[in-house]
Amino acid sequence: MLNNPWLSLRKFFFDYLHDEKNETRLSKIFNHLLIALIIGNVIAVLLESVNDIYKSYQLFFDVFENISIVIFTAEYILRFWCVVESKPEQSAWKTRWQWVSSPGAIIDLLAILPAYINFFVHIDLRFLRILRLLRLLKLTRYFTSLQLLLRVIEREKGSFQAVVFILSILIVMSAAGVYVVENQAQPDVYSSIPASMWWAVVTLTTVGYGDVTPITPLGRALGAVITILGLGLAALPAGILASGIANELEARKQEIALKFQELLQSQKIDLLTNHAQIEEIRKQVGLTPEQTHDIVLRLIGEQQERALAEKRYQYCYCPHCGNRLPQDRDD
């Protein structure tokens with residue numbers, strides 16, 4: 001009985017920190033405040049890089065940073081404490097460890113860790129400012145579009161690993177090739193294969209800064225071939241992302257359609273009148289109003305077709321054998 005208040009408090013924080021389906025007014029206010037704090041931190045980091053502004057308002061920036069650290073630390077500790085409510089049947093510390101090792105928790109830790117490290121090990125102020133920009137990654141928790149992108153990257157990580165592997169091979173082979181054909185003509189520029197890798201990277205990525213260029217005919221021919229290969233290679237990640245996002249959106253469309261169908265079968269929703277419930281499901285799944293509208297129209301059409309079929313095909317019984325006989329009614 002003594003633990004009940006603590007369990008209730010833990011469940012309360014879980015609902016407002018971890019449960020994405022908890023769309024209450026208080027949870028929305030809490031999320032909006034955290035989003036504003038994150039954006040405020042990013043703006044502060046940008047303004048602090050201007051020395052005149054930082055010197056004039058140093059006290060304000062320092063106080064704002066300390067308040068932010070306290071809030072982000074409290075958020076991290078509360079999330080760590082209450083995450084056990086997500087899997088009550090599992091060991092509490094096992095659940096906590098699974099959360100700590102998750103990408104979202106790692107981002108939360110990186111957002112506050114530099115400030116605490118600075119207490120023990122002096123960090124250059126410019127480097128510390130850059131690390132504080134990692135707090136911008138915390139926004140991935142609050143925006144469905146960013147979550148979709150991260151989910152696609154995680155799902156297609158095998159494809160991205162293959163692209164990186166192929167790119168690494170091409171960089172090494174290109175650097176070795178240009179070293180062989182350009183070393184005698186430009187011994188200072190292409191002094192070794194590692195030194196030639198800079199040219200290989202900027203050429204394969206089609207950036208071409210022009211600071212290092214081949215001058216021999218064979219070197220230029222090799223550069224042209226590598227540039228053409230780079231054009232095709234640069235299109236691979238974009239194609240993987242585009243295909244992954246399209247597949248993820250299609251999966252979400254099927255998910256929201258399945259939810260609507262389940263509610264229809266249980267007669268808990270009317271697609272023509274329950275606009276608030278439809279909007280709530282749309283936000284949970286993360287589709288646009290236009291996509292949801294198309295799905296609703298399709299489901300309404302299917303519902304009308306089933307109703308028409310049930311009306312047209314009714315059964316009567318044979319007076320001799322008692323079997324049911326279908327009758328096609330045009331009325």
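**Group meeting: a walk through a predicted helical model**

Let me begin with one residue, asparagine 41, which counts as buried because its relative accessibility is 1%, below the 20% under which a residue is called buried. Asparagine 41 sits in helix α2, and, if we leave aside its neighbours within four places in sequence, it is in contact with Phe64, Glu65, Ser68, Phe72 and Arg135. Please keep two of those partners in mind, Glu65 and Arg135, since I will return to them.

Before going further, I should say that what you see is a predicted model. The mean pLDDT of the protein chain is 80, and 83% of its residues reach 70 or more. Where is confidence lowest, and where is it highest? The lowest mean, 54, belongs to strand β1, residues 313-317, while the highest, 91, belongs to α4. As a general caution, predicted coordinates should not be read in detail where pLDDT is low.

Now the overall picture. The chain has 331 residues, of which 30% count as buried, and its secondary structure comes to 13 helices and two strands. If we take the contacts between residues at least 6 apart in sequence, 59% of them join residues at least 24 apart.

The UniProt record, an unreviewed entry, annotates residues 29-47, 59-78, 98-121, 159-181, 193-210 and 222-246 as "transmembrane region". In the model, the span 98-121 is 88% helix and 0% strand, with its end C-alpha atoms 29 Å apart, and the span 222-246 is 100% helix and 0% strand, with its end C-alpha atoms 37 Å apart.

Let me go back to α2, the helix that holds asparagine 41. This helix has 24 residues and reaches 34 Å from its first C-alpha to its last, close to the 34 Å expected at 1.5 Å a residue. Its buried residues are Ser27, Leu34, Ile35, Leu37, Ile38, Asn41, Val42, Ala44, Val45 and Glu48. When you look at such a list, it helps to recall that an α-helix has 3.6 residues a turn, so residues three or four places apart point the same way.

Several residues of α2 reappear in the largest nonpolar core, whose twelve members are Leu34, Ile35, Leu37, Ile38, Phe72, Tyr76, Val83, Trp99, Ala105, Ile112, Leu139 and Tyr142. Which helices each supply at least two residues of this core? They are α2 (25-48), α4 (58-82) and α6 (103-120), and the largest share, four residues, comes from α2. A second, separate core has nine residues, including Ile171, Val178, Ala200 and Val212.

Two residues of that second core, Ile171 and Val178, are also among the buried residues of α9, which are Phe160, Val163, Ile171, Ser174, Ala175, Val178 and Glu182. The 26 residues of α9 (residues 157-182) should span 38 Å at 1.5 Å a residue, and the end C-alpha atoms are 37 Å apart, which agrees.

In the first core, valine 83 deserves a moment, as, apart from neighbours within four places in sequence, it is in contact with Phe14, His18, Thr95, Arg96 and Trp99.

I will finish with charged side chains. How many salt bridges does a search of the whole structure find? It finds eight. One of them brings back the two partners of asparagine 41, with arginine 135 and glutamate 65 meeting at 2.9 Å, N to O. Arginine 135 lies in the loop between α7 (125-132) and α8 (144-155) and glutamate 65 in helix α4, so the pair ties together parts that are 70 residues apart in sequence. Arginine 135 is buried, with a relative accessible area of 1%, and glutamate 65 is buried too, at 12%.

Another salt bridge joins arginine 10 to glutamate 85, where the closest N and O atoms are 2.9 Å apart. Here arginine 10 is in helix α1 (residues 4-17) and glutamate 85 in the loop between α4 and α5 (92-100), 75 residues apart. Arginine 10, at 18% relative accessibility, counts as buried, as does glutamate 85, with a relative accessible area of 19%.

In a third pair, glutamate 248 and arginine 151 meet at 3.6 Å, N to O. Glutamate 248 lies in helix α11 (residues 217-265) and arginine 151 in helix α8, so parts that are 97 residues apart in sequence are tied together. Glutamate 248 counts as buried at 5% relative accessibility, whereas arginine 151 is partly exposed, at 33%. Finally, salt bridges that share partners join Glu75, Arg79, Asp108 and Lys138 into one network.

Methods: Residues numbered from 1 in each chain as written. Heavy atoms only, no water. Core = buried A, V, L, I, M, F, W, Y, C linked by side-chain atoms within 4.5 Å. Buried < 20%, exposed > 50% of the residue type's maximum accessible area, 1.4 Å probe, protein only. Contact = heavy atoms within 4.5 Å. UniProt positions renumbered as here; feature names shortened; annotations may be inferred. pLDDT = per-residue confidence, 0-100. Expected span 1.5 Å × (residues − 1). Salt bridge = Lys/Arg side-chain N within 4 Å of Asp/Glu carboxyl O.
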